[in-house]
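User: I'm new to this structure and would love a close look at one part of it, the place where the two chains meet. Could you walk me through it and then show me how it fits into the rest?

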Amino acid sequence: MGYAAGTLPEAFNLVVATHISMCDSCRAALSAYDAVGGEVMLDAEPIAMAEDALAATMALIANAPSVDAMPKPPLRNGIFPAPLHDYVDGDLVSVKWRRVGGGVSQMILQTSNDASVRLLRIPAGTAVPDHGHGGMELTLVLQGAFVDETDRFGTGDVEVANEDMNHTPVAEAGMDCICLAATDAPLRFTGILPRFAQRFVGI
Amino acid sequence: MLLETPTPPKADAPPAVPPYKGQDVRAFYKTGARRVTGEQSTKRMAWVVQVTAVRDHQDKAAFAELFAYFAPRVKSFLMKSGASPDMAEECTQEVMATLWNKAKMFDPTKASVSTWIFTIARNRKIDILRKQRRPEPEDLPWGPEAEPDQSEAIVLQQETEKLGQALAALPSEQRKLIERAYYGELSHSEIAAETGLPLGTIKSRIRLALDRLRHAMK
């Protein structure tokens, strides 16, 4: 609902938009929440527009460039849905990976300051170092899968972790696990070495 | 449609918009669709007809009616979301202009006019008030159907009407909480997805429509 209401930080919006691109159920759910928004808007007490508002609007229309009716075909030359493609400016091959220790690599994507989002690459069979959360974390699997204490998350799945969870996701054997992870607090790695690295890598 | 995708394109319909069946609201009833009852549903279908008139004939009278109804509500919504009166005025004019410019993209089988206008207003709101980029889900590989199924459009409009009524019928505290969520006053951890609203029907309808279209596209 936060995505429909437009109140999520940009980083979370990216994960949600990317997931919706992969999940019809959630796309349908979004439509339902958008409908709620529409009804809330209808209930708002009408506030009079300026006297020349309609004329001014017609002027805006006359000056606007014409909009193409047909949607552009999605830029799928790889595994990244369009919204993610835009933020990476390319697909998986274009990602500029930086190692963060334990075999894991990441690329932080540029979004507003209230949250952060990164691409993570976890080699098959590797565990992401034990980390706690200061806030909420959304992790969307783009390739491969990982297993957490509770569940298995495959391509297209999103894990929602709140501040109580201290978890150690392990990538499944067979292929690298590529994820899009957004969080609104700095990740806290609980092992000594990872915490040291944290300061340098900005996690 | 000409698409550069790996799957073969669907039977080509030219981009030019074919005549929409029935300018008259009553014509919807005659197509054999379920009987529409109630003044509210008539109003919603009238909006669909008006958007269609804008889309097909650049009908200024129809646009003026939509403007008269929606602009004051969009303005109010924006002000409740934190915009100053001047900013809300300007932003509302832009939203209504977008309605005109993007009328071709409106699909009455997927959303009520009120829902569609809300999404335009919400996106503008984020752009202007939060000054943020908003990632949108990938466009579906097919555009709005050139000839939307009338009965599906009517049903969707009715479902949305029911949703509006359910919202009005909620206990005041619960309704206010939902309103606050959409005005941007709640943090994401404060927003609960449980609204007490009958969202299941709309979700399943749209889900079924998506499944049907994906299946048809194969």
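Analyst: Happy to! Let's begin with a pair of helices, one from each chain: H3(A) and H5(B) are roughly perpendicular to each other. Please keep in mind throughout that this is a predicted model.

To find the pair, look for residues 24-43 of chain A, which form H3(A), and residues 113-130 of chain B, which form H5(B). Their axes come within 8 Å and cross at roughly 90°. An angle from 65 to 115 degrees counts as roughly perpendicular, so this crossing earns that description.

Which residues meet there? On the side of H3(A) you will find Asp34(A), Ala35(A), Gly37(A), Gly38(A), Glu39(A), Met41(A) and Leu42(A). Facing them in H5(B) are Ser114(B), Thr115(B), Ile117(B), Phe118(B), Thr119(B), Ala121(B) and Arg122(B). Sorted by class, this helix-to-helix contact holds six nonpolar, five polar and three charged residues.

Now let's step back to the whole contact between the chains. Chain B brings 72 residues to it and chain A brings 55. On the chain B side, the elements giving two or more residues are H3 (60-80), H4 (85-101), H5, H6 (150-169), H7 (172-182) and H8 (200-217). H3(B) supplies the largest share of that side, with eleven residues. In terms of class, the chain B side consists of 35 nonpolar, 17 polar and 20 charged residues.

H7(B), one of the helices on that list, is a good place to look at burial. Its buried residues are Ile178(B), Ala181(B) and Tyr182(B). They sit on the same side of H7(B), because they span an arc of only 95° around the axis. Turn to the other side of the helix and you meet Ser172(B), Glu173(B) and Lys176(B), which are exposed. The cover over the buried residues of H7(B) includes two helices of chain A, H1 (2-5) and H3. H3 of chain A is also the helix that crosses H5(B). Just after H7(B) comes Gly184(B), with a positive phi near 90°.

H1 of chain A deserves a visit too, and Gly2(A) lies in it. This glycine counts as buried because 21 C-beta neighbours lie inside 10 Å of it, and 20 or more are enough for that label. Setting aside residues up to four places away in sequence, Gly2(A) touches Thr7(A) and Leu8(A) from chain A, and His188(B) and Ile191(B) from chain B. Phe12(A) is ten residues along the chain from Gly2(A), and their C-alpha atoms are separated by 9.6 Å.

How do the two chains compare in their make-up? Chain A has six helices and eleven strands, whereas chain B has eight helices and zero strands. Buried residues account for 43% of the 203 residues in chain A and for 37% of the 218 residues in chain B. Long-range contacts are plentiful enough to count in each chain: of the contacts between residues at least 6 apart in sequence, those joining residues at least 24 apart are 66% in chain A and 69% in chain B.

Two loop residues also have a backbone angle to look out for. Most residues other than glycine have a negative phi. Asp89(A), in the loop between H5 (82-88) and S1 (98-101) of chain A, has a positive phi of about 60°. With 9 C-beta neighbours inside 10 Å, Asp89(A) counts as exposed. In chain B, Gln58(B) has a positive phi of about 45° and belongs to the loop between H2 (39-57) and H3. Gln58(B) counts as exposed as well, with 12 C-beta neighbours inside 10 Å.

Finally, a word on confidence. The model scores ipTM 0.82 and pTM 0.80. Chain B has an average pLDDT of 79, and 78% of its residues score at least 70. Among the elements of chain B, H3(B) has the highest mean pLDDT, 95, and H1(B), residues 25-30, the lowest, 43. Residues 1-37 of chain B have a pLDDT below 50, although this stretch has 56 contacts in the model beyond near neighbours in sequence. Where pLDDT is low, the predicted coordinates should not be read in detail.

How values were computed: Residues are numbered from 1 along each chain as its sequence is written. Chains are lettered from A and ligands numbered from 1 in the order in which they are written. This is a predicted model: local features need pLDDT of at least 70, side-chain atom pairs count only at pLDDT 80 or more; totals for chains, interfaces and linings use all residues. Axes are lines fitted to C-alpha atoms, for helices over the stretch in contact, and angles run from 0 to 180 degrees between N-to-C directions. Helices (H or I, at least four residues) and strands (E, at least two) are DSSP runs, numbered from the N terminus. Angles under 35 degrees count as roughly parallel, over 145 as roughly antiparallel, 65 to 115 as roughly perpendicular and the rest as oblique. Two residues are in contact if their C-beta atoms, placed from the backbone, lie within 7 Å. Ala, Val, Leu, Ile, Met, Phe, Trp, Tyr, Cys and Pro count as nonpolar, Asp, Glu, Lys and Arg as charged, and the others, Gly among them, as polar. pLDDT is the predictor's confidence in each residue, from 0 to 100. The arc is that of the directions from the helix axis to the C-beta atoms.
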